[in-house]
Amino acid sequence: MLNLVLFGPPGAGKGTQSEKLIAHYRLVHLSTGDLLRSEIREGTELGLRAKMLMDQGILVPDEVVIGMIENKLKEHQSAAGFIFDGFPRTVPQAEALDLLLAQYNTAITVMVALVVDEEELTKRLLIRGQSSGRPDDQNEELIRRRVQEYNNKTAPVAGYYESQDKYKAINGIGEIEEIFKSICEQIEAA
Ligand code: AMP
């Protein structure tokens with residue numbers, strides 16, 4: 001099984017690269033941001049609670065996203081592998097993911113981190129906000145708060161995978177195809 005964590009701050013290009021990776025490796029895509037937005041669209045209790053935090057650029061509680069991932073792993077037991085996009089975002093989420101995957105006798109193969117500086121991220125997210133309709137992409141202050149959440153709570157997740165010798169950083173600025181090639185090289189080497 002190939003289980004990839006695609007890592008990086010909001011706007012690093014995780015969604016774009018995920019699409020290409022899914023097509024190439026036939027993986028199941030698990031994006032906690034997408035799962036939460038679908039809960040919001042369906043107007044569920046979970047969605048309503050999550051929306052209040054997402055609208056402020058704050059992470060939703062670990063147990064909420066871990067529960068969603070647990071359900072999805074159960075649903076896709078015959079998958080060739082998974083691409084985790086926007087998850088894990090805290091060290092407790094990373095620990096929980098290891099335990100969940102162990103139940104299926106599998107593990108994370110590699111974490112690929114897309115490195116992009118904050119000025120470029122803000123620029124990209126504001127442009128995305130014009131077409132995505134995502135309220136959290138349309139306000140510069142909110143974007144900065146999300147990047148701050150990333151630096152405080154999510155960046156330490158890189159160290160978690162580094163200690164397992166699974167962390168690979170690549171430059172997330174450049175041509176989409178070139179970045180895709182670099183990610184594939186890291187996957188093949190893992
Ligand atoms: P994203 O689409 O990945 O940028 O996520 C949008 C928002 O959903 C984030 O700003 C968080 O509020 C929430 N979110 C998504 N994934 C997670 C996660 N793994 N842990 C906590 N909050 C999350």
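Begin by selecting Thr 32, whose side chain reaches the backbone oxygen of Gly 86 at 3.0 Å. Before going further, keep in mind that the model on screen is predicted.

**Thr 32 and its surroundings**

With Thr 32 still selected, colour helix 2, which covers residues 32–42 and holds this threonine. Thr 32 has a relative accessible area of 3%, and because that value is under 20% the residue is classed as buried. If you now show its contacts, setting aside residues up to four places away in sequence, you will find Thr 32 touching Val 65, Met 68 and Ile 69, and also Asp 85, Gly 86, Phe 87 and Arg 89.

**Helix 2 against helix 4**

Add helix 4, residues 62–75, to the view and look at how helix 2 is set against it. The two helices pack at an angle of about 95 degrees, and their axes are 11 Å apart, which makes helix 2 roughly perpendicular to helix 4. On the helix 2 side the contact is made by Thr 32, Leu 35 and Leu 36, while helix 4 contributes Val 64, Val 65, Met 68, Ile 69 and Lys 72.

**Helix 2 against helix 3**

Keep helix 2 displayed and bring in helix 3, residues 45–54, where the axes of the pair come within 8 Å and cross at roughly 120 degrees. That angle makes helix 2 oblique to helix 3, and the crossing in which helix 2 passes helix 3 is left-handed. To see the residues that meet, select Gly 33, Leu 36, Arg 37, Glu 39 and Ile 40 in helix 2 together with Leu 46, Gly 47, Ala 50, Lys 51 and Met 54 in helix 3.

**The largest nonpolar core**

Next, turn to the largest nonpolar core, which has 32 residues, and select the members with the most contacts inside it, namely Phe 7, Leu 36, Ile 69, Leu 73, Phe 84, Leu 97 and Tyr 161. Helix 4 supplies the largest share of this core, with 6 residues. In soluble globular proteins, nonpolar side chains tend to be buried together.

Which residues does Tyr 161 touch, once those up to four places away in sequence are left out? Centre the view on Tyr 161 and you will find Val 5, Pro 88, Ala 94, Leu 97, Ile 108, Met 111, Lys 166 and Tyr 167 in contact with it.

One of these partners, Pro 88, deserves a stop of its own: the peptide bond leading from Phe 87 to Pro 88 is cis, with omega near -5 degrees. Pro 88 lies in the loop between strand 3, residues 81–85, and helix 5, residues 91–103.

**Helix 1 against helix 9**

Now select helix 1, residues 14–25, and helix 9, residues 176–189, whose axes come within 10 Å and cross at roughly 55 degrees. Helix 1 and helix 9 are therefore oblique to each other, and their crossing is right-handed. The contact involves Thr 16, Gln 17, Lys 20, Leu 21, His 24 and Tyr 25 of helix 1, and Ile 176, Glu 177, Ile 179, Phe 180, Ile 183, Cys 184, Ile 187 and Glu 188 of helix 9.

Within helix 9, pick out Glu 177, which has a relative accessible area of 47% and is partly exposed. A distance label drawn from the C-alpha atom of Glu 177 to that of Ile 127, 50 residues apart along the chain, should read 20 Å.

**Leu 121 in helix 6**

Move on to Leu 121 in helix 6, residues 118–132. Is Leu 121 buried or exposed? Its relative accessible area is 2%, so Leu 121 is buried. Leaving aside its neighbours within four places in sequence, Leu 121 is in contact with Pro 9, Pro 10, Gly 11, Ala 12, Val 116 and Val 147. Its C-alpha atom lies 18 Å from that of Phe 180, and the two residues are 59 apart in sequence.

**Two loop residues with positive phi**

Finish with two loop residues, beginning with Asn 105, in the loop between helix 5 and strand 4, residues 110–115. Phi of Asn 105 is near 55 degrees, a positive value in a residue other than glycine, and Asn 105 is exposed, with a relative accessible area of 75%.

The last selection is Asp 165, placed in the loop between helix 8, residues 156–162, and strand 5, residues 167–171. Asp 165 is not a glycine, yet it has a positive phi of about 65 degrees, and with a relative accessible area of 65% Asp 165 is exposed.

Terms used
Residues are numbered from 1 along each chain as its sequence is written. This is a predicted model: local features need pLDDT of at least 70, side-chain atom pairs count only at pLDDT 80 or more; totals for chains, interfaces and linings use all residues. Side-chain values use heavy atoms; hydrogens and water are left out. A nonpolar core is a set of buried Ala, Val, Leu, Ile, Met, Phe, Trp, Tyr and Cys residues joined through side-chain atoms within 4.5 Å. Buried means under 20% relative accessible area, exposed over 50%, partly exposed in between (1.4 Å probe, protein chains only). Helices (H or I, at least four residues) and strands (E, at least two) are DSSP runs, numbered from the N terminus. Contact means heavy atoms within 4.5 Å. A polar contact is a pair of N or O atoms within 3.5 Å; within protein, one must be able to donate a hydrogen and the other to accept it, and residues adjacent in sequence count only if both atoms are side-chain atoms. Axes are lines fitted to C-alpha atoms, for helices over the stretch in contact, and angles run from 0 to 180 degrees between N-to-C directions. Angles under 35 degrees count as roughly parallel, over 145 as roughly antiparallel, 65 to 115 as roughly perpendicular and the rest as oblique. A crossing is left-handed if the near helix is turned anticlockwise from the far one by less than a right angle, and right-handed if clockwise.
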